[in-house]
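Q: Hey, can you walk me through this fold? I'd like to start with how the pieces pack.

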Amino acid sequence: HFASAEPLREFLPRPSLILNVLDGIKNNASPSFSEAIRQVGEYLDKYVYLTGIDRLLVVLWAIAQAFFDLLRYFPLLVVYGEYGSGKRQLAIAVTSAWIISMRVSGRSTEASLMRIMDQLHPSVAIDEGEKLLEQMPEFWNSAYERDLVITRSRIDPSSGKLLVDAFSVYGPKVFLIKPALISPRIDLSSRTIEVRISRVRNRIFPLEIDEADRLRINTLLLLLKIRHWHEYLEAYELLRRVMVGVDQRTRDTFLPVLTVAYLAAREANDPSLFRQVLLEFASIASRRSGLERTQEVTVAGLLRIILTSPSLEGDYRRYIEVTARDVLENAKAIMNLEDEDENRLVLSIARFLSQAKFVEDVRRDRTKTNIYIVNIEALNDYVNQYNVSVPLSDDDLKRLKVLTGLDWEVGFSPSAWVDHVINQLFPQAAKPEAKTEEKPGEAKPTEAKPEVKPVEAKPERKPEATKSCEELCGEKYPILTPN
């Protein structure tokens, strides 16, 4: 299907991989998610140095890419590092874990890049990723979401007609970015899992990926997908239902790797690994809640105005009238805004108030200054919906409740939210003691208890030795699908 098919053969799976997978199916090989995490971790340790949560996220992402074509969203892995930090080596090792991979430059021509990705959907390491993002900002969304395409028009040389081509570039992508070069206008956070890598002076790693290592990991991940694709999708949907009350885009971005961690934890009936990844996700989600600085300042200013406004005793406040300047002056009393440009902030507050759902009406005074009529109950709904942390003391919060009859003690607590999720998914798991700090990766000793699984996997039917591979694939493992 390609004008120059010969150079592209190197990207296609080797016959040895297909034979290994067929042998695995025939011998009823069924690798577990725990085994996959161990083997992929050892494979990456051979070629790159990563530690802590960064290492764990990369391992989980490398495994999750085996299931990318079954999902609507798949996170972009962004690797930050200076010159000589090893980020290129990391990207090559991670993408090589999947059966089709390639490395491209951010300066690659647009037409060739999109055609290859549209046909093969490989796992791609993109060097100088900031260059590609500046030239093709639409590439960022299309690589993350399966249903988005990039359109390009061209003139058919034979007919002279205008033709429109649609390219799907969805799939696993690793962007290598130097922190100082990334443009601040590009929205990285909501679609990415970010890791950082630093130089290691006292260790030397192989320059090339050993083909034997790659064949072993490719076989492992492809068998994992064939045997457990249905279990993976069930767990993915379960987590999506349970993980509520957080930033939805960040949740959907992290779900592919969280699903791998959850399934490994469920196999061991020990939530410690899942808890570690979940805590990292919850911390990131709290920073990606969608609230901008202007919104936080506005809410803080409005709440202080409610506190300091005169009110009738025994009667709840329902509305307040404010100007953008009033809001800013009151916010300054409870927030540190010394480094902010006040005039610009007043304009931003005015724009926000003109569109906010809790503002019921706008009128002008004699000086032509906008006065906004704020519905306090609608403001409370907004604060609860976005988990806005209210910068008020406990006494002020109690007084605010007396004045309005509404509860304002909201805010997202990552640790409390994680405990809530763990209790739902692992109801018999021992809760960690509040005063004991668990080390990352260390399981807390607990008494042996019967395993409880929220979603029971269907019992695997062991095939008879007389059945052919074709019968096995057709009956239980439909690997020949459009995906």
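A: Sure. One term to start with: contact here means heavy atoms within 4.5 Å. Also keep in mind that this is a predicted model.

Q: Okay, which strands does helix H5 lie across?
A: Helix H5, residues 87-96, lies across E1, E2, E3 and E6. The helix runs at about 180° to E6.

Q: And what order do the strands take in that open sheet?
A: The order is E2-E3-E6-E1-E7, five strands with parallel pairing. Strand E2 (101-105) and strand E7 (192-196) are the edge strands, each pairing on one side only. From one strand to the next, the twist averages 20°.

Q: How many bridges hold E1 and E6 together?
A: Four bridges, with the pairing in the parallel sense. Within that pair, leucine 77 stands opposite valine 174 of E6, and tyrosine 80 has isoleucine 177 as its bridge partner in E6.

Q: What about E3 and E6, how many bridges there?
A: Three bridges, and E3 and E6 also pair in the parallel sense. Alanine 125 stands opposite valine 174 in E6.

Q: Why would you call E6 largely enclosed?
A: Because five of the five residues of E6 are buried. Both faces of the strand are covered: Lys173, Phe175 and Ile177 are buried on one side, and Val174 and Leu176 are buried on the other.

Q: Why do the side chains split between two faces like that?
A: In a regular strand the side chains alternate between the two faces of the sheet.

Q: Let's zoom in on valine 78. Where does valine 78 lie?
A: Valine 78 is in strand E1, which covers residues 76-80.

Q: Is valine 78 buried or exposed?
A: Buried, because its relative accessibility is 0%, and the cut-off for buried is under 20%.

Q: Which residues does valine 78 touch, leaving out its sequence neighbors up to four places away?
A: Valine 78 touches Trp140, Phe175, Ile177, Thr192, Ile193, Glu194 and Val195. Phe175 and Ile177 are two of the buried residues of E6. There's also a distance for glycine 129, which is 51 residues from valine 78 along the chain: their C-alpha atoms are 8.8 Å apart.

Q: Switching topic: what's the deal with E4 and E5?
A: Those two form a hairpin, with six residues between them. Strand E4 (residues 150-155) and strand E5 (residues 162-167) run antiparallel and are joined by six bridges. Arginine 154 stands opposite leucine 163 in E5.

Q: Which residue in the turn has a positive phi?
A: Glycine 160, with a phi of about 80°.

Q: Now the outside. Which residues make the nonpolar surface patch of about 260 Å²?
A: Ile18, Leu19 and Leu22 make that patch. Isoleucine 18 sits in helix H2, residues 15-26. With a relative accessible area of 41%, isoleucine 18 counts as partly exposed.

Q: And the big picture, how many helices and strands are there?
A: The chain has 18 helices and 10 strands. Buried residues account for 47% of its 483 residues. The accessible surface comes to about 25,500 Å², and carbon and sulfur atoms contribute 49% of that.

Q: Last one: what share of the contacts between residues at least 6 apart join residues at least 24 apart in sequence?
A: That share is 74% for this chain.

Conventions
Residues numbered from 1 in each chain as written. Predicted model: local features only at pLDDT ≥ 70, side-chain atom pairs only at ≥ 80, totals over all residues. Heavy atoms only, no water. Buried < 20%, exposed > 50% of the residue type's maximum accessible area, 1.4 Å probe, protein only. Pairing = 2+ DSSP bridges. Axes fitted to C-alpha atoms, helices over the stretch in contact; angles between N-to-C directions. Areas by Shrake-Rupley, 256 points an atom, 1.4 Å probe, with all protein chains shown as cover. Patch = residues over 30% accessible without salt bridge, like charges linked within 9 Å, V, L, I, M, F, W, Y side chains within 5 Å. Salt bridge = Lys/Arg side-chain N within 4 Å of Asp/Glu carboxyl O.
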